[in-house]
Amino acid sequence: MKLVKHIANLGYGSRRDVQWMFREGRITNAAGEVLYADDPLDHDDVRIDGEPLDPPPGLLLMLHKPTGTTCSTRDPGRVVFDLLPPRYRLRNPALSTVGRLDRDTSGLLLLTDDGQLLHRIIAPKSKLPKVYLATLADDLRGDETALFASGTLMLDGEKTPLLPAQLEPLAARRARLTLHEGRYHQVRRMFAAVGNHVVALHRERIGGLALDDLPSGQWRALDAVHREELFGD
Ligand code: URA
């Protein structure tokens, strides 16, 4: 791939914009020598205004999603992409969220431009555990742990029962729930099925990957070690 196309695909501008950046001598190698649009591509050696390029395709990010943001790209309100550098929205291949969290759910959200990786994370057969902390409107009844673990719970409008899920009560109105699938509004609908209502929901973990100390609204790029954590646990 030509250097100009690679840089445009990273969201730095249209090919025309990037052509101008070359003409203006803003694109150099690490030694400061001016590069040209059709020079061979050596991603790590390219600098724009002296700064290294954003990571190449194959990107995996974790974001601490705050409540009040949506995972959609088209929502007129606040979207999770607003929390990333504006260039990241223009990348090709595009960065997408790995599954979704509701507007009112906070916590660990992954984003990637790698279709195979995305599929590997969300494919039903991966059964990657997702761990949620739920705050409830009413006290737990006491039978939820057994019911959620039974593998027989049917949600309204669904054709197959939910896979067994692990509920760990933490207080009368607070529980940790581990799911191995991702159906629409699943946590909220599970608690609705037992006559309760989720007032706050937070995802702590996907597979072996936890949010840890990442502050709300912040993100970080994940390296190979994190990817192993994700699929191990
Ligand atoms: N379950 C829900 O109900 N909402 C989410 O955002 C995630 C899981």
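Colleague: Which helix gives the largest share of the shell around the ligand?
Modeller: This is a predicted model. Among the residues around the ligand are Gln186, Val187 and Arg188. The largest share of the shell is three residues, and their source is helix H5 (residues 186-193).

Colleague: How do the residues of that shell divide into nonpolar, polar and charged?
Modeller: The shell includes Leu101, Tyr132 and Leu201. Asp102 and Thr105 also belong to the residues around the ligand. By class, the shell has four nonpolar, three polar and two charged residues.

Colleague: What is the distance from an oxygen atom of the ligand to an N or O atom in the side chain of threonine 105?
Modeller: Thr105 is one of the residues around the ligand. A polar contact needs N or O atoms within 3.5 Å. The pair with the threonine 105 side chain is at 2.9 Å.

Colleague: Which residue has a polar backbone atom 3.1 Å from a nitrogen atom of the ligand?
Modeller: Take the backbone of glutamine 186: an N or O atom there lies 3.4 Å from a ligand nitrogen. That is not the distance you asked for. The 3.1 Å distance belongs to valine 187.

Colleague: How much of the accessible area of the ligand does the protein cover?
Modeller: On its own, the ligand has 240 Å² of accessible area. The space it takes is the largest pocket. The share covered by the protein is 95%.

Colleague: Why does the ligand lie between two domains, and which are they?
Modeller: The chain is divided into domain 1 (3-52), domain 2 (60-124 + 214-231) and domain 3 (129-206). Two of these both give residues to the shell, so the ligand lies between them. They are domain 2 and domain 3.

Colleague: How far apart are the C-alpha centres of domain 1 and domain 3?
Modeller: Domain 1 covers 3-52, and domain 3 covers 129-206. Their C-alpha centres are separated by 49 Å.

Colleague: Which peptide bond is cis, with omega near 5 degrees?
Modeller: Look in the loop between strand E4 (60-65) and strand E5 (96-97). Proline 93 lies there. The cis bond runs from asparagine 92 to proline 93.

Colleague: Which residue has a positive phi of about 50 degrees although it is not a glycine?
Modeller: Go to the loop between strand E2 (46-48) and strand E3 (51-52). The residue with this phi lies in that loop, and it is aspartate 49.

Technical notes. Residues are numbered from 1 along each chain as its sequence is written. This is a predicted model: local features need pLDDT of at least 70, side-chain atom pairs count only at pLDDT 80 or more; totals for chains, interfaces and linings use all residues. Side-chain values use heavy atoms; hydrogens and water are left out. A residue is near a molecule or strand if one of its heavy atoms lies within 4 Å of it. A polar contact is a pair of N or O atoms within 3.5 Å; within protein, one must be able to donate a hydrogen and the other to accept it, and residues adjacent in sequence count only if both atoms are side-chain atoms. Accessible areas come from the Shrake-Rupley method with a 1.4 Å probe; for residues, only the protein chains shown count as cover. On a 1 Å grid over the protein atoms alone, a cavity is a set of points where a 1.4 Å probe fits but cannot get out, and a pocket is an open set with protein on both sides within 12 Å along at least five of seven lines; lining residues have an atom within 4 Å of a point. A molecule sits in a cavity or pocket if more than half of its atoms lie within 2 Å of its grid points. Helices (H or I, at least four residues) and strands (E, at least two) are DSSP runs, numbered from the N terminus. Ala, Val, Leu, Ile, Met, Phe, Trp, Tyr, Cys and Pro count as nonpolar, Asp, Glu, Lys and Arg as charged, and the others, Gly among them, as polar. Domain bounds come from an automatic or database domain assignment.
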